[in-house]
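Please examine the sequence and the structure shown below. The paragraphs that follow lead through selected parts of the structure in turn.

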Amino acid sequence: MNDKPEKLIDKKGLRLDGRKLDELRPVKIEVGVISNADGSAYIEHGKNKILAGVYGPREVHPKHLALPDRTVLKCRYHMAPFSVQERKSPAPSRREIELSKVIRESLEPAIFMEYYPRTMIDVFVEVLQADGGTRCASITAAALALADSGIPMRDLVVACAAGKVEEKIVLDLMDTEDKLGSADVPVALMPNLNAVTLLQMDGILSTDEFESAVNLALEGCKQIYALQKEALRTKYVSIKEENKEEAEE
Amino acid sequence: MPIFLEKRQLVTPGDLIAEGEYIAGENTYMEKNKIYASRVGIVEYETKKLDVVALKSFYVPRMEDMVIGTITEVGFSGWMVDINSPYPALLRASDVLSRSFRPQQDDLPQVLDVGDLVVAKIVSYDRTHDPQLTVAEPGLGKITRGQIVKITPTKIPRVIGRKGSMISMIKQETGCNIILGVNGVVLITGKTLEDEQLAMMAILKIEEESHTTGLTDRITKMLKEAKSGKEEKKDE
């Protein structure tokens with residue numbers, strides 16, 4: 001696993017895992033997986049496995065953090081010690097604290113914060129297995145968990161990354177590509193409002209490259225959005241269909 | 001000015017419902033003359049006003065609502081009540097005692113203690129103040145017996161049914177008295193535990209399948225079957 005692959009993109013233009021340059025990893029999403037949480041979601045994005053739970057709106061503890069005109073959104077992004085090759089200390093690292101903030105700020109525009117003053121919404125994101133692009137998958141799952149909990153939202157939030165690997169712009173980097181590649185651009189999008197809520201860039205890109213990376217990432221977002229919506233509907237449609245079958249019998 | 005969705009269609013937050021001169025009703029919002037859904041739910045409309053009936057939500061207090069709550073804290077001159085909402089409710093001692101409260105003589109935990117359940121009405125609430133309750137009306141007060149079921153608050157209207165058809169049917173079939181708290185807490189009191197459990201089952205089934213059609217008939221069927229099954233056992 002620690003061997004450095006010679007080429008990240010082969011002669012046919014296929015990547016290490018056989019994907020085309022503009023191809024997403026397989027995504028599987030499930031909603032309502034934690035019965036103790038008010039809302040929850042689970043996502044498998046390639047080899048990433050991420051669980052998100054939402055609690056609230058509820059009373060603020062400690063009380064002095066409450067805001068008189070809006071709700072407080074709290075996010076905790078955490079990686080399980082077994083989520084990466086080398087054991088990760090369970091204590092929140094600098095990186096995790098930053099990602100918590102990034103996830104919070106990309107979800108905030110989607111929530112009607114002013115509806116429930118003096119309350120708090122807790123979002124917990126637990127990475128069970130990581131393979132590059134966890135922040136994007138986390139945002140996708142957290143937005144679903146929020147919608148599942150019944151918190152009013154302007155739109156769902158979907159996130160996807162694009163980057164530069166061996167002088168080529170590619171969609172949805174996995175861990176090796178992220179580490180050996182030269183740039184990574186995660187983008188979070190509210191698809192119906194066509195509003196970007198997160199845009200970061202790590203590495204060096206020319207303006208043209210940056211633009212094509214953002215456009216590619218947006219395309220990826222839209223593909224994941226379809227799956228996200230489907231997952232949310234499936235939770236309720238399955239009950240509907242069961243009854244249909246019963247009626248037909 | 002089209003409506004993009006049919007009646008009773010499932011929507012997720014951000015779905016565009018209509019464009020033009022419509023009124024954004026419950027669980028929807030308007031932006032740039034377009035109406036979007038803000039919760040997972042089912043679209044309902046009559047002429048101008050568009051609503052989304054949420055499939056899951058939480059209780060937001062409103063004045064005059066009848067709720068069922070649990071005492072969480074005994075204070076100096078009243079109780080804190082958990083009414084299944086983001087905000088804790090306040091119940092004043094003078095209200096329960098229906099006279100002015102005398103700190104020297106009145107022992108509050110003896111009147112209502114932590115864990116007790118009360119049926120109460122909300123007398124005041126706004127964005128800046130926590131809700132305040134009253135029990136000084138007939139039918140309100142401490143709950144002494146029965147079963148409690150919690151369901152999503154938005155589904156209370158479904159349990160009531162059109163003009164109360166669903167709830168009166170359950171009451172009739174099970175012989176239980178049912179009090180619906182608008183906050184999603186339901187109190188069932190019946191003659192026997194079996195009757196109460198049957199009513200509980202019916203209400204939980206309604207919650208799970210609230211977005212499907214022909215529910216009243218299915219629930220009636222289920223209750224009748226359960227009852228006849230019980231009678232057969234008795235005959236044996």
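This is a predicted model, and a helix of chain B serves as the starting point. Helix α5 of chain B covers residues 193–208, 16 residues in all. At 1.5 Å a residue the helix should span 22 Å, and its end C-alpha atoms are 23 Å apart, so the expected and computed values agree. Within α5(B), the buried residues are B:E196, B:L198, B:A199, B:A202, B:I203, B:I206 and B:E207. An α-helix has 3.6 residues a turn, so residues three or four places apart point the same way.

The strands of chain B may be considered next, with β11(B), residues 117–126, as the point of reference. Strand β8(B), residues 66–74, pairs with β11(B) in the antiparallel sense through 5 bridges; in this region B:V118 of β11(B) lies opposite B:G69. Strand β12(B), residues 129–134, also runs antiparallel to β11(B), and 4 bridges join the two. Here B:S124 has B:Q132 of β12(B) as its bridge partner. With 2 residues between them, β11(B) and β12(B) form a hairpin. A further antiparallel pairing, over 2 bridges, links β11(B) to β13(B), which comprises residues 141–142. In that pairing, B:V119 is matched with B:G141 of β13(B).

Attention now turns to the nonpolar interior. In soluble globular proteins, nonpolar side chains tend to be buried together. The largest nonpolar core in this model contains 86 residues, and those with the most contacts inside it are A:L107, A:V123, A:V125, A:A141 and A:A142. Helix α2 of chain A, residues 134–149, gives the most to this core, namely 10 residues. The surroundings of A:V125 illustrate the packing: leaving aside residues up to four places away in sequence, A:V125 touches A:I50, A:A52, A:C75, A:R76, A:Y77, A:H78, A:I103, A:S138, A:A141 and A:A142. A second, separate core has 41 residues, among them B:L133, B:I151, B:A202 and B:I219. Of these, B:A202 has already appeared as one of the buried residues of α5(B).

Finally, the two chains meet at an interface. In this contact, 26 residues of chain A face 24 residues of chain B. On the side of chain A that touches chain B, the elements giving two or more residues are β3(A), residues 48–59, and α4(A), residues 207–248. The largest share, 8 residues, comes from α4(A). By class, this side of chain A has 14 nonpolar, 5 polar and 7 charged residues.

Note on methods:
Residues numbered from 1 in each chain as written. Chains lettered and ligands numbered in written order. Predicted model: local features only at pLDDT ≥ 70, side-chain atom pairs only at ≥ 80, totals over all residues. Expected span 1.5 Å × (residues − 1). Buried ≥ 20, exposed ≤ 12 C-beta atoms within 10 Å, placed from the backbone. Contact = placed C-beta atoms within 7 Å. Nonpolar A, V, L, I, M, F, W, Y, C, P; charged D, E, K, R; others polar. Pairing = 2+ DSSP bridges. Core = buried A, V, L, I, M, F, W, Y, C linked by C-beta atoms within 7 Å.
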